[in-house]
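Me: I have this protein open on my screen and would like a close look at one part of it. Could you walk me through it slowly, and then show me how the surroundings fit in?

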Amino acid sequence: MKVRTLIKILLLITGGLCVLSTILQNPIIELYAKPMTVPLFFMLYWFNVDKVDSLFIVVLSLCFLGDIFLLTGIENGFRYVLLSYTLCYFILFYFLYKNRKPIEYSNIDVIYMVVFFVFWTSIVYAIFVVTNQNMGDIRPFGIAYFVILYSLLIGAIFQYINIRSPRSLWFAIAILNFVISDACFALDRFYVPSLELKIINSIYQLLAVFFLVKFKISSADPLKIRR
């Protein structure tokens, strides 16, 4: 069996256990399974590239730290979770900038972007309205987090519309998965506690890191047909 195949099997097992632990509301399973996922994602990345990007390792490390802070329940742990993922998203802005190309939007592209911008802004505003009052003393951190993730998804989608390469596609999907995961987490924690939201958060958090790895190992060659 190839190493990469074995890693994917182990990821399916550990990821499945993480989701199962959420469904069963059994934190013990997650305590042992969740810390294994990011190292396995790192191994998947390691065995698919010729040269490891040290900054991307920092991104994976911050995702790992966010998981650990959330699992251990240490004092002020949630602040550390926010800090870990905020730093992670800041670094992802660098990858967004690094993969930029000269802007070539058509009229149709502009229409798509306007529709997305209005739709995405409406969603973020609605989530903020229902969660804002319950954030308490972490509200400034929460607002900063909202703004960063809001801007990152806009940048990722606009870049994909411009480039339409496999790499830009996986990056946009990764950020979208982070958005879905974090939105469900915020709604569950600060609005209406829900098992369904916890399950969705568990699934999409894993998918987000998986697509980040796909982004780093994919081609940057444009697929867009020039008009």
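How far is the sulfur of Cys63 from the closest cysteine sulfur, and which residue holds that other sulfur?

Reply: Happy to take this one slowly. Please keep in mind that this is a predicted model, so every distance below is computed from predicted coordinates.

The closest cysteine sulfur to that of Cys63 is in Cys88, 3.9 Å away, which is too far for a bond. A disulfide is a covalent bond between the sulfur atoms of two cysteines. To count as one here, the two sulfur atoms have to be within 2.5 Å, and the structure holds zero disulfides. Cys184 is likewise in no disulfide, the nearest cysteine sulfur being that of Cys18, 16 Å away. Both residues are shielded from solvent by the numbers: Cys63 is buried at 1% relative accessibility, and Cys184 is buried at 10%.

Now for the helix around Cys63. Cys63 is among the buried residues of α3, together with Phe56, Val59, Leu60, Leu62, Gly66 and Asp67. Looking down the axis of α3, you would find these buried residues within an arc of 150 degrees, so they line one face of the helix. What does that face pack against? The buried residues of α3 pack against α2 (27–46), α4 (77–98), α7 (166–190) and α8 (195–217).

The helix itself passes a simple length check. α3 runs over residues 54–72, which makes 19 residues, and at 1.5 Å a residue these should span 27 Å; the end C-alpha atoms are 27 Å apart, in agreement. At the N-terminal end, Asp53 acts as a cap, with a side-chain oxygen 2.9 Å from the backbone nitrogen of Leu55. After α3 comes Gly73, with a positive phi near 65 degrees.

One residue on that buried list leads us to charged partners. Asp67 belongs to a network with Glu30 and Lys34, joined by salt bridges that share partners. Within this network, the side chains of Glu30 and Lys34 meet in a salt bridge, with 4.0 Å from N to O. Glu30 and Lys34 are four residues apart in helix α2, which means they are separated by about one helical turn. Is Lys34 buried or exposed? Lys34 counts as buried, at 7% relative accessibility.

A search of the whole structure finds six salt bridges, and two others deserve a stop. Asp137 forms a salt bridge with Arg79, and their closest N and O atoms are 2.9 Å apart. This pair links distant parts of the chain, 58 residues apart: Asp137 sits in the loop between α5 (107–131) and α6 (139–163), while Arg79 is in helix α4. Asp137 is exposed, with a relative accessible area of 57%, whereas Arg79 is partly exposed at 28%.

The other stop is a salt bridge between the side chains of Asp109 and Arg164, at 3.1 Å from N to O. Asp109 lies in helix α5 and Arg164 in the loop between α6 and α7, so the pair ties together parts that are 55 residues apart in sequence. Asp109 and Arg164 are both buried.

Arg164 is also worth a look for its backbone. Most residues other than glycine have a negative phi. Arg164 is not a glycine, yet it has a positive phi of about 55 degrees. Gln25, also a residue other than glycine, has a positive phi near 55 degrees. Gln25 is in the loop between α1 (3–24) and α2, and it counts as exposed at 61% relative accessibility.

Let me finish with two places around α7 and α5. Ser194 is in the loop between α7 and α8. Ser194 is buried, with a relative accessible area of 16%, and its side chain makes a polar contact of 3.0 Å with that of Glu196. Thr131, in helix α5, is buried with a relative accessible area of 0%. Leaving aside residues up to four places away in sequence, Thr131 touches Phe146, Ala186, Leu187, Phe190 and Tyr191.

To come back to where you began: Cys63 is one of the buried residues of α3, and the 3.9 Å between its sulfur and that of Cys88 is too far for a bond.

Key: Residues numbered from 1 in each chain as written. Predicted model: local features only at pLDDT ≥ 70, side-chain atom pairs only at ≥ 80, totals over all residues. Heavy atoms only, no water. Expected span 1.5 Å × (residues − 1). Buried < 20%, exposed > 50% of the residue type's maximum accessible area, 1.4 Å probe, protein only. Arc of directions from axis to C-beta. Contact = heavy atoms within 4.5 Å. Polar contact = N/O pair within 3.5 Å; in protein donor to acceptor, adjacent residues only side chain to side chain.
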